[in-house]
Every structure is written in C-alpha cells, then in structure tokens.
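Trainee: I'm new to this one. Could you show me how to read it?
Mentor: Sure, have a look.

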There are 2 protein chains.
Amino acid sequence: MNEFSSQAGHRAWLVSQSQLPQGFRVGTRKFAFDSVELKKASSMTLTVIALNEPTEAFSCLFTTNSFPGAPILVGREVAASGKIGAILVNNKISNVCAPDGVEDCRATCDSLAELLEFQSTEILPGSTGVIGWKLPVPEILEQLPAAVADLQATSILPAAEGIMTTDLYPKVRSQNVGDARVVGIAKGAGMIEPNLATMLVYLLTDAIIAKDELDAMFRTAVRSSFNRITIDSDQSTSDIAAVLSSGTVAVPDMDRFQSALNQVCQDLALDLVRNGEGVKHVVQIAVREAPDSEAAHRLAKDVANSPLVQTAICGNDPNIGRLLMALGKNMESVCPEYDVSNCQVRIGGRIVFENGACIVNGEVESQLSEYLKSAALYETQAPDAEGKFHPPVNWPTHERLVEIEIILGVGDGSAIVWGSDRTHEYITENADYRS
Amino acid sequence: MNEFSSQAGHRAWLVSQSQLPQGFRVGTRKFAFDSVELKKASSMTLTVIALNEPTEAFSCLFTTNSFPGAPILVGREVAASGKIGAILVNNKISNVCAPDGVEDCRATCDSLAELLEFQSTEILPGSTGVIGWKLPVPEILEQLPAAVADLQATSILPAAEGIMTTDLYPKVRSQNVGDARVVGIAKGAGMIEPNLATMLVYLLTDAIIAKDELDAMFRTAVRSSFNRITIDSDQSTSDIAAVLSSGTVAVPDMDRFQSALNQVCQDLALDLVRNGEGVKHVVQIAVREAPDSEAAHRLAKDVANSPLVQTAICGNDPNIGRLLMALGKNMESVCPEYDVSNCQVRIGGRIVFENGACIVNGEVESQLSEYLKSAALYETQAPDAEGKFHPPVNWPTHERLVEIEIILGVGDGSAIVWGSDRTHEYITENADYRS
C-alpha cells in the first residue's frame, strides 16, 4: 500500500509506472483558444495515443447513458469497423448535445487519420469537459500536427496528464506479465469543470492476444473494478473504457495476464474514487452471504450511495443506525422477510451489530471514530473568505480504506463496492462556483 | 400559495389550521431525564392523541425497511387487532435495534391504555429520534398521567409540536368537506438529531366512513404524496402514516373527501420537503409522455436524487447537462433505444432542450439562474467560526417550487416527484456535529 508524504514523491512513483508497452507512442499539445460560450480565452490539451500499426486486438466499453456524447456515437462505429490505430482525446469540452457534434468529432478524427496515414474509421475519439459547448474544430485541426510531432515511445504519463480536467493528479497503473506489459491511465469520477464527470480509461498492452479473448478478459476486469465504484450514483454521458494491444510480446500464462488486467483496473478504479471530487474517505463495502451476488451488489450500493451514511463517514461518525437503515431500505425486494438476527456488521474488523442489536458504547464509538480519522485522506480546512472549502493536498497521501463488512447469513452471494464520503468540499466543487 | 414574512405570521396561520375534528383530544408532556448513553440531562416530549371511543375506521402504513423499530413491530400488531383508541408518540429516542425495545414499547402502551381505560392493543405507538438508545421507561410511565391530564379537544397544534425533533417548525394542514373535517400533522424527512430521519404522519377526521373505504382512499392519497417525495433517497426504520376516524359527521360526497385527503397529504408532503434538513430549494420534477407511470416515476426519482443535479440547483445553476445525464443514466432499462430528439425539457416553463440539442446562451442562463434564486427559501449565510452553516430562518418563507418538466414523447405515463437541492447546510446538519 502506497503512502506519499509529498507531491514529488507521488510523481516519482508515477514515473516508475509509466513505461509504455512496445508498439505505442504518446504525444500531447496544449493550446489556447477563445471560447464562444465563455467569451474569454480558454485552454485545451489534445492527447494522441498511437499504435505503430492499427490493431484488431482491442475492446471498447461505452456509457449506457441514453444521452450519449458525440465521441460515444462515433466510437461505437469505430469499434464495429474492426481496427483501431490511435486514440484522440480532448479535455475542456465534452461535445455532448452540442449542435453538429458528430460532424465536429469526425472532422478531428479525419485530420488525425491523415497525419498518421491511418483510415478515419481507425481513430477512437474521446472528449471530456463541459456539456453543450461546441468543439473549437479549426483550432484543433491547426494544433494536431504539433501533437503528432510530439509522439514518443517512452512514457504514458503525458497522456495521463493531458486527459485531466479538474482531477487533482494524473492516474497511472501498470503490471508486467513475463516480458509483456499492461499500463493504464484514467480520469474522472465526480463532477468536472463545472459540468459533468467523465470516466476515461485507456489500457495499453503489447501482449499477443486474440481480439475475442482480450474482450472477454477486459469485461471480466471491468466488472469487478470500474463497475463497482460510485462517487455520486451518477453516470456520465461520455464514459469510455478501452484496451488496445500492439500484439508484439508473447505472454507466458493467460491466467496471469487476466490477474494483471484485474489489478490495473482495480488500482485505477480506486484511484478514481480517491481523487473523486471532495472525497475525504474511500469506503469499501463488502456484503457477504447474500442470496446471490446481484443482491449483494445492490445492497452494497444502497449503503455506499446513502447520503446519510456518506455524511456520517465524512464526520468520522461510526453511525451504525444509518448503516442499518441504508441496508434495510431495499432489502425486502432482494431478501424478503429477512431475519435481522442473522446479520453481522463490522467496521474496521470490529463487530458493531449482532443478534439483532447494536453493540455500541462510548469507548467503542471513540475507537471507531479514531479509525475513521486515520483513514481520512486529509483534514478539512477552514473555509476561505467566501465560505468555500478546498482540500489541502493535491496528491494521494495514502491508500487506506474505511472497511465495512456486512454478513447476511442467508446464502453465498458476495460483492465489494468502493464509494466515498460526502463533504463540504464536494458541495463547494459542485454548487459554490455559481451561487 | 402561502408566503410568510415572519415566524409570528406563520404561527397565526398554523393556528388557523389546527382545529381538531369531533371526537378527538390531544395532550402533551415535556420532561427532563438522564440519558444513559449521553450521560447527561436530556428532554423528551410525550404526545397523546386520543379518540373518545376506540375506532375500527383507521388505516396505518408502516415502513418497509428490513430493520424496523420496535413501535413498527408493535404497531403492526395493533393495526391487525382491529381497533385503535389512541396514539402515543415520544421524540428523542427512536427505539430501534435497542435491547428489549419491544417490551419497553409495550410497557408504555399498557400504561396509557390503563389511564384511558382502553385495551393495550388499542394504543398505536410511535418513536422518533436517536437509534440504538433505550427508552427511559420508568420516567415515561411517571409522566404519562400528566400528558393525559393535558388532553383538550380544541387544537392539534401541541401534537404537531410535540412530535418534532430537529424540525424547524410544526407542520399542520387541514380541509373541510361539508361539516366533516380532515386535519393532519407530520414530522421528519432528512436526518434527525443527529441520527435517523423518521416520517410520522397522523391524519384525524370525524367523517363517517367504512374502514375498507378509508384504507383504500388513504393508500391512494399516500401514493401521490408521501411516496412521491425524496430528500436523500433514504428510508427510515420508523416511518408511520396513519389516519383515524371518529365516525361522527356525515360526508356529503366521497369524491370530495378523497380530494380533501389528497390535498392534506400533498400539502404535508411538501411541508416535509420544505423543512427537510438543509433544504434551500424545493424541486418539482414532472415526467410526462413516458412509456408508463412506473417508468415516469423511476426517471423523475433519478433526476431528483442525482447529487449533481441537487448541487447545481443549490448553486442556482440551470445546469441542463446534469439534468440530461441524470435522466439518461437508467433510461435504457425503462425506455430502450430512446431517441433523444423526442425529448423536451423545461425549467420554469422555459424550453432548454429540444430536437436533440440544448438551447442555452448567456441570456437564457442568467434568466434561469434568477428563477432559481427566486425559488430559494433563504440565502446561504457565511459559515460560523467553526465553518458550520445554518439556515437563517426557522419558518417557511414561501411555497414556491423549482419546476422541471420532462416530456419524453413516447407514451402516456406521467409522474410528479418532489425533491430538494443539496447544500452546505445539509452537510453541516449531518456531518459537522462530530468532525
């Protein structure tokens, strides 16, 4: 488990994770433009992740939101067409529900395809930032050659930084499997600048693997990672998770490759929660002995998304009453006529509910409160002169979690969900910019 | 629509609503006791609502939470036994998941039954306040005679005040139907003191009506009122909604009686949201032309419970991107392959999304922001020296709503849901008491 006492220490660790697999290059270009909607100068970064040759070995998962952004609509076509040669991402503007958004998206993909001598259908687009605004297409076309000229085969870190919006720090994770390598970057989770969150996840590998096998393994990895996190129960219109393989290095053992994929995805998923807007505590909720895993997942999410549980954890309050309330509110639908005397609840390994009654007293409460404090990523600072709250650090100080275990005693279904607390810093990030 | 410029004005209006129907009396008793768990002096109010004679004409709806409080367990037995003579409510302690909670609850009901010369099975209990603590039974038994001595047949207002915990003001609503009368009180919605929210709703009427008919009409009224509000998507372990009839006054028209029940329930439901913890804006979300009313309800709740929508409204930000995101996140499951060009969204009657694109520009945005400001119940005040936020008023200044309409254009299902924004005042109420 990592612990970083400084931003420099965190950055050194990121660099150690960032080596690109064989067959990939990364380039970025930051530029200023005049925003039509803001009526003032703004800046955008273009990020290009290019394969040396287009690959058939990839898997892309897109948001299921019914109001998808233009890059999702275009990306689905790219994925269906069979080959990907490069990824093109811009931050600042998400290109969702903007007039002529799809045409604008295609124009940028066409331009990159020409520069890289790939087909237009081989460019996977991604956009993150404000909803409803139009992409500055002429400026993007003008700046793309500089991004391509910047391509290098050493580090993915510039891409991890290039796709950031209000993320406090870049997110990079990697694993080696024999001589093959899996490296992943991610951004998002929580509200962004000041519109919508977008989760963008890109994994690169040089492992030799068939398309169908990669797709199945990636879906498995995503199911137990990105699909198990929740910051605010909301789902972006622009989420993309993709893995691309350059197919250049033999893998000794496919089980180990699956484990590596799982680990990179889970580490990035927890990074997303840890850097979620206003997140002070990362909370792990494990539900065990449920009727089935679907029921366990549902109940864990009910607890994770309960504002009353979230605010209690923010306040370092081991509030067992709120946990039981959140657990019980939909239980009838997944576990009818549940006998609560079968239930055991633990916080940080300590039993707080058993045989149908809470086990709480002043001493236990204060020990649990200390446990919650020790898992906090920072201490809330006094608000500024305008009453706004800002986290005092912009790197992850540690990777400790608040561990909540719920054992239902009725079956063998289990699920783990990672969520967060609900803080003044979240409200400042998502409400105070306007009021 | 009411508007109150002072607490005195609000109170005068409450008094005008408070006349008891025939056949009922109300008494309360406030007393001090030593809390075992807090290890300090605390105070509790007992509220007794008594019929002159036990009635068979009643309907009780209880929480479906799987961790119900002792008064819910006992109350279900009372409802099943066929007659109710009185309601006994205590605030301060909710008697949920406490050792011997059911025995404690029965002991208080037995004592009141003896004082009123009713059967023990004719007393409907209710408790609201901290979870996990034990009721101070000896003190309650000692104080009950004073509550009974206090019984009067004039006003329900003392009961509306007696069941409050951290509610800012009592909630009373009434309607007349010919010579018959329906009066209702409510408390709750949002976190309480500092544990769990409990919605307690009691309606009294003197209308002559059969039990089955009253039950059906009450369920209809609750479906379009209390089941349509959400403060934090959480459901209490102690919720009770009940209506009792003394059966003494003939009703000229049962349709008018249903309308009166509906109106009292809807007015109280909106009062609960308006007085929800930290609520600054009450938000009405109407979804129309959905595949069916169930789908409309689900989508309206998704929008109402979205933290990103809630924080935008807190900040007077007419953030259409967040509305679309929240609407779209589960739409695939209730309205597969939805064509967004059929969708129209209005805020305050103004169209902000149509033909698949947002209609926003600086002028529209600032007008909508003014609209949101005008619907605010108060202006957020600077935090106190400890960084805590407190609403500056403790009465409802007006009854204006933020009106959001979503027209899907695919069917004839519709639903209205009432929710709220998410504010620093909510976080202070629910997290800051401990951190």
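What follows is a short talk about symmetry, cores, one loop residue and cavities.

Mentor: Keep in mind that this is a predicted model.

Trainee: Okay. How are chain A and chain B related?

Mentor: The general idea is to lay one copy on the other and look at the move it takes. Here, a turn of 180° with a shift of 0.0 Å along the axis puts chain B on chain A, at an RMSD of 0.0 Å. The two copies are therefore related as by a two-fold rotation axis. As for contacts, both copies use the same surface: 100% of the contact residues of chain B recur in chain A.

Trainee: Which residue of chain B comes closest to the rotation axis?

Mentor: That's His424(B), with its C-alpha at 3.0 Å.

Trainee: What about the inside? Where do nonpolar side chains tend to go in soluble globular proteins?

Mentor: They tend to be buried together. In this model, the largest nonpolar core has 99 residues, and those touching the most other members include Leu112(A), Tyr202(A), Leu203(A) and Phe257(A). Helix 7 of chain A, residues 254-274, gives the most to this core: ten residues. Apart from that core there's another, of 92 residues, with Val283(B) and Leu324(B) among them.

Trainee: What does Leu203(A) touch?

Mentor: Leaving out residues up to four places away in sequence, its partners include Val182(A), Gly184(A), Phe218(A), Leu244(A), Leu261(A) and Leu268(A).

Trainee: Now a loop residue. Is Pro68(A) buried or exposed?

Mentor: For that, check the relative accessibility against the cut-off: buried means under 20%. Pro68(A) has 19%, so it counts as buried. You'll find Pro68(A) in the loop between strand 3 (58-62) and helix 2 (70-81) of chain A.

Trainee: And what does Pro68(A) touch?

Mentor: Not counting residues up to four places away in sequence, Pro68(A) touches Leu73(A), Arg76(A), Val96(A) and Thr237(A). Look at Ser236(A) too: it is 168 residues from Pro68(A) along the chain, yet their C-alpha atoms are separated by 8.3 Å.

Trainee: Last one: how many cavities of 30 Å³ or more are there?

Mentor: Seven. To read a cavity, ask about its volume and then its lining. The largest has a volume of about 100 Å³. Its lining has 14 residues, and among those nearest its centre are Leu168(B), Arg274(B) and Tyr378(B).

Trainee: How does that lining divide into nonpolar, polar and charged residues?

Mentor: For the largest cavity, nine are nonpolar, four polar and one charged.

Conventions. Residues are numbered from 1 along each chain as its sequence is written. Chains are lettered from A and ligands numbered from 1 in the order in which they are written. This is a predicted model: local features need pLDDT of at least 70, side-chain atom pairs count only at pLDDT 80 or more; totals for chains, interfaces and linings use all residues. Side-chain values use heavy atoms; hydrogens and water are left out. On a 1 Å grid over the protein atoms alone, a cavity is a set of points where a 1.4 Å probe fits but cannot get out, and a pocket is an open set with protein on both sides within 12 Å along at least five of seven lines; lining residues have an atom within 4 Å of a point. Grid points are joined across faces, edges and corners, and a volume is the space filled by probe spheres set on the points. Ala, Val, Leu, Ile, Met, Phe, Trp, Tyr, Cys and Pro count as nonpolar, Asp, Glu, Lys and Arg as charged, and the others, Gly among them, as polar. Copies are superposed by least squares on the C-alpha atoms of residues with pLDDT of at least 70 in both. Contact means heavy atoms within 4.5 Å. A nonpolar core is a set of buried Ala, Val, Leu, Ile, Met, Phe, Trp, Tyr and Cys residues joined through side-chain atoms within 4.5 Å. Buried means under 20% relative accessible area, exposed over 50%, partly exposed in between (1.4 Å probe, protein chains only). Helices (H or I, at least four residues) and strands (E, at least two) are DSSP runs, numbered from the N terminus.
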